[in-house]
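User: I am new to this structure and would like a close look at a single part of it. Please take me through that part slowly, and then follow the connections that lead away from it.

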Amino acid sequence: RRHFLDMDSYGPFPFKDLPHDYKAAVAARGSDFVTKNGLVPWRTQEIYDQLRDAFRQLPTSPYARDNIKLFSSVISHYTADSFQPLHAAANYDGQLTGQHGIHSRFETELFDRYQQKLVLAPPALTSIPNAREFIFATLTDSFSFVQPILDADREATQGREFYDDGYFAKLFEKTGPILEKRIAGATAGVASLIAQAWIDAGRPVLPVVPPPRSPRASR
């Protein structure tokens with residue numbers, strides 16, 4: 001539940017009925033509904049706060065470096081998922097339109113086949129005043145690509161019995177630019193969030209030599 005948000009479960013684009021405050025969302029829809037339809041903006045904010053606090057603990061805590069690596073990897077995963085269009089829609093795997101498996105075909109198989117042809121140009125890092133709002137904005141942008149991906153999948157399957165080379169060639173022709181745009185955005189988004197956590201922590205000096213741990217703590 002922490003890796004997606006089915007935005008259209010709250011109503012139509014531009015999702016004016018989707019509360020950005022977690023308590024407000026629960027009050028409006030109930031805890032079960034909110035949890036069922038995904039928690040990624042709120043969970044990303046939680047991890048961001050932990051990452052910022054880990055930066056603040058440099059260089060006094062012997063565990064800060066490990067915590068920074070852990071929370072950076074987790075926030076990278078959540079952020080990248082938010083840039084994947086099918087993590088923003090209830091029809092996340094084409095199951096509502098008879099297009100089962102499009103999630104992995106777009107996210108994994110298409111990338112594996114064409115990664116050497118991708119032209120990635122990540123934008124410059126940006127200031128992120130609020131991690132939660134950054135993820136909500138990212139998901140809203142991601143949602144705009146859901147229907148083009150589904151349309152491309154349907155067009156690529158016409159006249160084919162299998163998801164063969166011809167299918168993926170057609171899918172890449174139509175969705176390659178989307179794939180490039182979302183990967184590049186995710187790259188910059190991840191870097192911007194981690195950099196912002198460091199800035200909000202007071203810009204501690206990097207790199208920091210870890211302080212020695214006691215023999216008991218190191219075992």
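Analyst: **A serine and its helix**

Ser 72 is found in helix H4, where helices (H or I, at least four residues) and strands (E, at least two) are DSSP runs numbered from the N terminus. The model is a predicted one, in which local features need pLDDT of at least 70 and side-chain atom pairs count only at pLDDT 80 or more, while totals for chains, interfaces and linings use all residues. Residues are numbered from 1 along each chain as its sequence is written, and side-chain values use heavy atoms, with hydrogens and water left out.

Ser 72 counts as buried because its relative accessibility is 12%, and buried means under 20% relative accessible area, exposed over 50%, and partly exposed in between (1.4 Å probe, protein chains only). The side chain of Ser 72 reaches the backbone oxygen of Ile 68 at a distance of 2.7 Å. Leaving aside residues up to four places away in sequence, Ser 72 touches Leu 51 and Ile 194, a contact being heavy atoms within 4.5 Å.

The helix that holds Ser 72 also has a helical partner. Helix H4 (residues 64-83) packs with helix H6 (residues 131-143) at an angle of about 30°, their axes being 7 Å apart; these axes are lines fitted to C-alpha atoms, for helices over the stretch in contact, and angles run from 0 to 180 degrees between N-to-C directions. On the H4 side the contact involves Thr 79, Ser 82 and Phe 83, which meet Phe 134, Ile 135, Thr 138, Leu 139 and Ser 142 in H6. By class, this contact has 4 nonpolar, 4 polar and no charged residues, with Ala, Val, Leu, Ile, Met, Phe, Trp, Tyr, Cys and Pro taken as nonpolar, Asp, Glu, Lys and Arg as charged, and the others, Gly among them, as polar.

Helix H6 leads on to aromatic rings. Rings of Phe, Tyr and Trp (its six-membered ring) pair if their centres lie within 6.5 Å, with planes under 30 degrees apart called stacked, over 60 edge-to-face and the rest tilted; by this rule there are 9 aromatic pairs. Trp 42 is buried, with a relative accessible area of 7%. Trp 42 forms an edge-to-face pair with Phe 136, at 5.7 Å centre to centre and 75° between the planes. Because Trp 42 lies in helix H3 and Phe 136 in helix H6, the pair ties together parts 94 residues apart in sequence. Phe 136, like Trp 42, is buried.

Notes. Polar contact = N/O pair within 3.5 Å; in protein donor to acceptor, adjacent residues only side chain to side chain.
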